[in-house]
Amino acid sequence: MSATKKSAPAPAAGKNGKALASAKGSPKGGSSKLSKGNEFDHPIFHELQLPSDVNNLYRQTVGSMLQAADLMGLPHQLKIILAQPKNEIMVHFPVRMDDGTFKLFKGYRVQHNNALGPFKGGLRFHHDVHLDDVKSLAFLMTMKCSLVGVPYGGGKGGIKVDPYKHSKAEMERIVRRFTTAIAHQIGPDYDIPAPDVGSNSQHMAWIADTYAFLSEVGGKQADAVITGKPVEYGGSLGREKATGQGVVDTLVELLPEAGIEIKGCKFSVLGFGNVGSWTGKILQDKGAKMIATADHTGAIRNDGGIDAHQLADHVRKTGGVAGFKGATRIDKDEFYKTKVDVFVPAALEQMIQEPEAQMLNCKVVAEGANAPTTPAGERILEAKGIEVLPAILCNSGGVTVSYFEWVQNKTCEQWDLDIVDKKLNKHMVKAASKVREAKKKYKCSLRTAAYAAALERLKSAYEIRGIFP
Ligand code: NAD
């Protein structure tokens, strides 16, 4: 990795598409290219009638995978299998509100692929969640689980609901009713959900309890239907901080190659929720300094350093970073323009578009969130010589410790935190080294390399299993 000097143009994201055209191993199914509008196009988009809107998240995420697939000459049948999820489940269910009225809610569960193991992925509770978002996130889970070496496929789900606008009692009824609606589609050996944006360990506990009532899987084994549970109810030590810990493990592994030391390094964080706050706290404990952060309530800056632990307490009490006394309020543009070594997007998808990428003043972007950088944003970052550590590597710590939780549930064990941390670090270091090797092999960006490394494992699985019948 080299963030200090301009990296070689990636075949996937070359500014003018020349690199794409020269990508070796172009498949029988046709080669990828950048179309007139400088946007990525691929024959498989047309074959499968994927959305034609270049801003569509699903098209963008699958596009990144197809660029790697072309580069490594992945067979056409694998490209089409991976370019669509296996199952898309949509449910509608009524729930009684506290005032006695009823509301109808929409829920999703997308099961992308289970060639490597049960479907695995979080549940997003957000008022603006759509099927294409859930499909993209499920697809990313397949890639992430393959890369980080856990025996899972990919899935994702969610409820179109603003969890902050409902009482605890209403949320309990919404979550339990949703669980009832999908109970026959999930299971400890088939599909194992987890928390994501807007959902938490209490929600996971209600899901586990509801599932235990409804299914034939008895006793403690039913707990393994979901991860991210409270430690008192089958959760793993270290799960809450796991994604942030994984981001930091990745940085420890790869930053030295960019000539950056963690100790004394300056960073900023977009989104100070689970992933952002834990990344901030752990980086700070390693001697790095958080200069700026932003969330849905505003942005703040302190060149002397913002105490991530105190800020996390403030956010817990008030719901956002706004009003924190140890920093000054700034506007959104100043936040992006703040000079740092590392920028960590840890909020939602597609937040680093062209304008944000133009403003960023950093050497490395470490993607804590899923798909935070659009292809157009990434082209700008690349032209500016900013290295991007891709989400499927950087944020895979969460699913890795979810896997540890599942193993502990199945074996009725409880591991100490130091064991969890050590095992997590082993997975992260191994995944980072697979990405490093793929980058050398295919002479591409780290994102394309991460997809290539993930695809290698899926390709082997399909070669051995075959495709039924
Ligand atoms: P969270 O709900 O705890 O935090 C989300 C943060 O984003 C909050 O600070 C919120 O204020 C901020 N945010 C939302 N809208 C914003 C906006 N318009 N502008 C600025 N900030 C905004 O969620 P999380 O669990 O930390 O997840 C964050 C990202 O990381 C998501 O992409 C998620 O899919 C991904 N992720 C999470 C995990 C996990 O274990 N929690 C694992 C892997 C990936």
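## A bridge between Lys241 and Asp421

Let's start with a salt bridge: the side chains of Lys241 and Asp421 come together at 3.0 Å, N to O. This is a predicted model, so that distance, like the others here, is computed from predicted coordinates. Lys241 belongs to the loop between α7 and α8 (242-254), while Asp421 is part of helix α16 (residues 417-442), so the bridge ties together parts that are 180 residues apart in sequence.

How buried or exposed are Lys241 and Asp421? Lys241 has a relative accessible area of 13%, which is under the 20% limit, so it counts as buried. Asp421, with 23%, is partly exposed.

## Other salt bridges

Searching the whole structure turns up 24 salt bridges. One of them pairs Glu88 with Lys135, at 3.7 Å from N to O. Glu88 sits in strand β3 (residues 87-96) and Lys135 in helix α5, so here the tie is between parts 47 residues apart in sequence. The two ends don't have matching surroundings: Glu88 is partly exposed at 41% relative accessible area, whereas Lys135 is buried at 8%.

Then there's Arg124 with Asp196, where the closest N and O atoms are 2.6 Å apart. Again, distant parts of the chain are linked: Arg124 is in strand β5 (residues 119-126) and Asp196 in the loop between β7 (191-195) and α7 (201-214), 72 residues apart. Both Arg124 and Asp196 are buried.

Does the Arg124 pair stand alone or belong to a network? Salt bridges with shared partners connect Arg124, Lys156, Asp196 and Glu349 into one network.

## Charges over rings

Lys135 shows up a second time. Besides its bridge to Glu88, its charged end sits over the ring of Tyr58, 4.5 Å from the ring centre. A similar arrangement involves Lys423, whose charged end sits over the ring of Trp415 at 4.8 Å from the centre.

## Aromatic pairs

Trp415 also leads into the aromatics: together with Tyr152, Tyr403, Phe404 and Trp406, Trp415 forms one aromatic cluster. Across the structure, the count of aromatic pairs comes to 13.

Tyr152 and Trp406 make one such pair, with 5.1 Å between centres and 65° between planes, which is edge-to-face. Why does this pair tie together parts far apart in sequence? Tyr152 is in the loop between α5 (131-148) and β6 (154-160), and Trp406 is in helix α15 (residues 397-411), so the pair joins parts 254 residues apart. Tyr152 and Trp406 are both buried.

## The nonpolar cores

As background, nonpolar side chains in soluble globular proteins tend to be buried together. In this model, the largest nonpolar core has 94 residues, and Met65, Met143 and Leu455 have the most contacts inside it. Which helix gives this core its largest share? That's α17 (residues 446-465), with 11 residues.

Met143 is a handy place to look around. Setting aside neighbours within four places in sequence, Met143 is in contact with Met65, Leu82, Ile392, Tyr451, Ala454, Leu455 and Leu458. Met65 and Leu455, in other words, are on that contact list as well as among the residues with the most contacts inside the core.

Apart from this core lies another, made up of 24 residues. Its members include Leu123, Phe125, Phe178 and Ile226.

Notes. Residues numbered from 1 in each chain as written. Predicted model: local features only at pLDDT ≥ 70, side-chain atom pairs only at ≥ 80, totals over all residues. Heavy atoms only, no water. Core = buried A, V, L, I, M, F, W, Y, C linked by side-chain atoms within 4.5 Å. Buried < 20%, exposed > 50% of the residue type's maximum accessible area, 1.4 Å probe, protein only. Helix = DSSP H or I, 4+ residues; strand = E, 2+ residues; numbered from the N terminus. Contact = heavy atoms within 4.5 Å. Phe/Tyr/Trp six-rings, centres within 6.5 Å; stacked < 30°, edge-to-face > 60°. Lys NZ or Arg CZ within 6 Å of the ring centre and 35° of its normal. Salt bridge = Lys/Arg side-chain N within 4 Å of Asp/Glu carboxyl O.
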